[in-house]
Amino acid sequence: MSATNTKYIVGIFDDEEDVLHAIPHIKESGVKIHEVFTPFPVHGLDEVLGYQRSRIDIVAFLFGLTGFLSGLTMISYMLSFDWPMNIGGKSNMPFPDFIPVTFELTVLFTAFGMVITFLIISGLTPWTVPQIFDIRGTDDKFVMAIDLAHNKLSDEQIKEVLTSNGATEVNYKEFKS
Amino acid sequence: MHISSAVREPLVTGGKSYGDVTYDIVRHVENKPTKLWFIVMGFSLVLLSLGGFSLYKTWTIGIGAWGLNKTVGWAWDITNFVWWVGIGHAGTLISAVLLLFRQKWRTAVNRAAEAMTIFAVFCAGSFILMHMGRTWLAHWALPLPNTYGSLWVNFNSPLVWDVFAISTYLSVSLVFWYIGMVPDLATIRDRATKPLTKAIYGAFSLGWTGGAKHWQRYEAVSLILAAISTPLVLSVHTIVSMDFATSVIPGWHTTIFPPYFVAGAIFSGFAMVLTLLLVTRKVYKLEHYITMTHIETMNKIVMLTGSVVGVAYITEFFMAWYSGVEYEQYCFLNRMFGPYWWAYWSMMACNVFSPQLLWFKSIRRNLVATFTLSIIVNIGMWFERFVIIVSSLHRDYIPSSWRDFSPTIYDVGDYIFTFGLFFTLFFLFAKYLPVVNMAEVKSVLKSSTDKPSHKSH
């Protein structure tokens with residue numbers, strides 16, 4: 001066991017309700033939780049873990065605004081300034097006609113901008129090597145990882161806290177850092 | 001916590017556990033392809049190659065290979081385009097609109113429906129490219145700087161709107177589908193035993209682990225994607241309908257077209273979802289996930305949208321008479337009793353009369369009847385587009401330019417090509433990707449299973 005490795009205690013739970021109810025008690029016992037891994041989104045998990053609301057909606061809005069303005073600018077420039085055409089004496093700046101393309105570009109920019117931002121901030125790329133604490137965490141188990149370097153309690157105490165709060169299994173996991 | 005009313009039928013039957021859900025879906029990816037799969041895949045590839053030859057001839061000869069003439073300048077190409085793009089509406093509707101409306105039954109069907117949507121839009125797009133004739137100049141439809149001025153595309157034209165609408169719809173649907181699949185791909189990666197499988201699914205699952213922070217952002221992203229995709233779905237067929245509605249051709253120049261086309265798109269899309277899912281459900285033994293309740297719910301949507309379409313047909317007919325415009329009146333009478341009467345009455349029989357059978361609960365819950373009706377509806381929807389396009393064009397203002405349309409072997413061949421493409425892609429999807437969204441099904445399992453929870457809360 002080299003000193004550079006990060007060592008975790010991994011608690012396995014069988015049910016999302018168990019893990020939801022266990023987290024406040026585990027935190028009260030003074031154990032810091034690294035992360036909880038679940039096979040599906042468990043509602044309320046982010047709240048009990050004390051995570052802040054995601055601000056991805058602001059990102060989405062800003063990208064949408066960019067798309068909207070780019071679309072409108074592009075079309076007006078091309079059709080009204082760069083090469084204005086006289087089509088039956090109609091207006092060179094027919095805004096209602098610009099709505100469909102501007103709308104589509106707003107949606108396109110929002111979707112791609114938001115999703116790419118999400119992937120970058122979450123470190124999700126095709127070459128990401130995931131830290132898998134327990135492979136059942138994407139199947140049917142709820143996996144709680146506790147970083148030993150960030151906890152003052154001893155291994156035995158942490159294990160005791162996990163088992164007394166409903167963990168059905170407690171294992172060690174090490175990653176080379 | 002979720003509160004669901006007790007009277008509703010469960011979404012997942014058979015008392016499945018989380019592990020059962022994973023096993024039931026992933027085993028089809030992990031197992032070797034069956035003999036049946038090779039047979040159907042072989043059949044699709046035959047269609048694809050036959051159609052591919054026809055496509056090659058269309059490209060080299062030009063669209064003169066089709067049965068078009070000076071009067072009927074749009075026929076099977078645009079009919080097939082609108083038909084496919086209409087079918088490609090159900091997937092995003094199910095995953096976006098039903099997500100916003102919190103319809104939990106969508107979880108079992110959204111993955112396959114979205115896949116179908118994307119493949120149908122590929123087919124629609126291939127007709128767009130084909131009907132340009134000189135496909136290698138397709139980029140001229142985009143506002144790219146060029147040496148002619150630059151001469152820009154005309155943003156007043158619905159055809160240009162369509163370029164933006166279809167390409168945005170295709171790419172955003174693809175992103176929505178893929179992002180929804182990432183957690184399930186991670187499940188396959190974690191179960192994989194062979195290094196190659198692990199590497200491939202590992203790369204596509206983007207290192208997903210299911211951490212609470214990731215799930216929190218993921219849910220926010222899904223919700224926003226749903227919110228922007230909802231108006232997107234409605235915009236696409238609205239804009240397709242404007243290709244016709246903004247023209248001055250009697251029979252096309254109608255303000256009812258946008259809602260009428262959107263309803264028709266949902267109608268045919270759900271019919272195609274039913275056709276594919278009834279077979280997938282049977283072959284993959286997914287009866288506990290795609291239950292009779294799911295089928296009945298989709299049948300209700302088919303009945304509703306079919307009736308909306310029926311009302312639209314009658315409204316169109318009424319408006320033609322009420323407008324007092326003799327060309328409009330002639331156009332609609334000609335549709336009913338002219339040379340294409342058989343297409344009109346096929347459309348009426350398939351789209352207006354046959355879905356009315358779905359008022360009966362016994363028919364909504366009958367698999368054979370549902371399957372038959374879903375195919376009849378799609379035949380009807382093809383005729384609808386054919387009637388709108390060809391019957392409005394073939395009687396021009398000057399009787400000397402009246403021409404009928406009959407397809408050539410290349411019209412048929414190009415249509416076969418898209419069937420080959422669609423089924424090849426669908427069978428590849430059914431074999432190599434999880435056909436049901438496991439993560440979402442697991443998230444509704446507790447609140448909707450027929451097995452009593454072992455906890456009281």
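Two strands count as paired here if DSSP finds at least two bridges between them. The model on screen is a predicted one, and the tour starts in the sheet of chain A.

**Stop 1: the sheet of chain A**

Select β1 (6–13) of chain A together with β3 (residues 142–147). These two strands, β1(A) and β3(A), run antiparallel and are joined by 6 bridges. To find the register, look for Ile9(A), which stands opposite Ile146(A) in β3(A).

Add β4 (169–175) of chain A to the selection. β4(A) is antiparallel to β1(A), with 7 bridges between them. Here the pair to pick out is Gly11(A) and Val170(A), which stand opposite each other.

Next add β2 (35–37) of chain A. β2(A) pairs with β3(A) in the antiparallel sense over 3 bridges, and Glu35(A) is placed opposite Ala145(A) of β3(A).

With the 4 strands shown, the order across the open sheet reads β2-β3-β1-β4, with antiparallel pairing. β2(A) and β4(A) are at the edges; each has a single partner strand, so one side of each has no neighbour in the sheet. From one strand to the next the twist averages 25°. Strands of a sheet pair through backbone hydrogen bonds, so switching on the backbone atoms is useful for this view.

**Stop 2: the helix across the sheet**

Select α5 (residues 155–164) of chain A. This helix lies across β1, β3 and β4 of chain A and runs at about 20° to β1(A).

**Stop 3: the contact between the chains**

Show both chains. The contact takes 53 residues from chain A and 51 residues from chain B. On the chain A side, β2, α2 (45–48), α3 (56–82) and α4 (95–121) each supply at least two residues. The largest share, 15 residues, comes from α4(A). Coloured by class, the chain A side shows 35 nonpolar, 9 polar and 9 charged residues.

**Stop 4: α4(A) against α8(B)**

Keep α4(A) and add helix α8 (residues 212–245) of chain B. Their axes come within 10 Å and cross at roughly 160°. An angle over 145 degrees counts as roughly antiparallel, and α4(A) is therefore roughly antiparallel to α8(B). The crossing is left-handed.

For side chains, show Pro100(A), Phe103(A), Glu104(A), Val107(A), Thr110(A), Ala111(A), Met114(A), Val115(A) and Phe118(A) on α4(A). Facing them on α8(B) are Arg217(B), Val221(B), Ile224(B), Leu225(B), Ile228(B), Leu232(B), Ser235(B) and Ile239(B). By class this contact has 13 nonpolar, 2 polar and 2 charged residues.

**Stop 5: chain B**

Hide chain A. Chain B has 16 helices and 0 strands. Its radius of gyration is 23 Å, close to the 23 Å that the globule rule gives for 457 residues, so chain B is as compact as a globular protein of that length. The C-alpha trace of chain B spans about 80 × 55 × 45 Å along its principal axes.

**Stop 6: a helix pair within chain B**

Select α5 (residues 106–131) and α9 (residues 257–283) of chain B. They pack at an angle of about 120°, with their axes 10 Å apart, and are therefore oblique to each other. α5(B) passes α9(B) in a right-handed crossing.

Val109(B), Ala112(B), Ala113(B) and Met116(B) make the contact from α5(B). From α9(B) come Met272(B), Val273(B), Leu276(B), Leu277(B) and Thr280(B). This contact has 8 nonpolar, 1 polar and no charged residues.

Terms used: Residues numbered from 1 in each chain as written. Chains lettered and ligands numbered in written order. Predicted model: local features only at pLDDT ≥ 70, side-chain atom pairs only at ≥ 80, totals over all residues. Contact = placed C-beta atoms within 7 Å. Nonpolar A, V, L, I, M, F, W, Y, C, P; charged D, E, K, R; others polar. Axes fitted to C-alpha atoms, helices over the stretch in contact; angles between N-to-C directions. Parallel < 35°, antiparallel > 145°, perpendicular 65-115°, else oblique. Left-handed = near helix turned anticlockwise from the far one by under 90°. Rg over C-alpha atoms; globule rule 2.2 N^0.38 Å.
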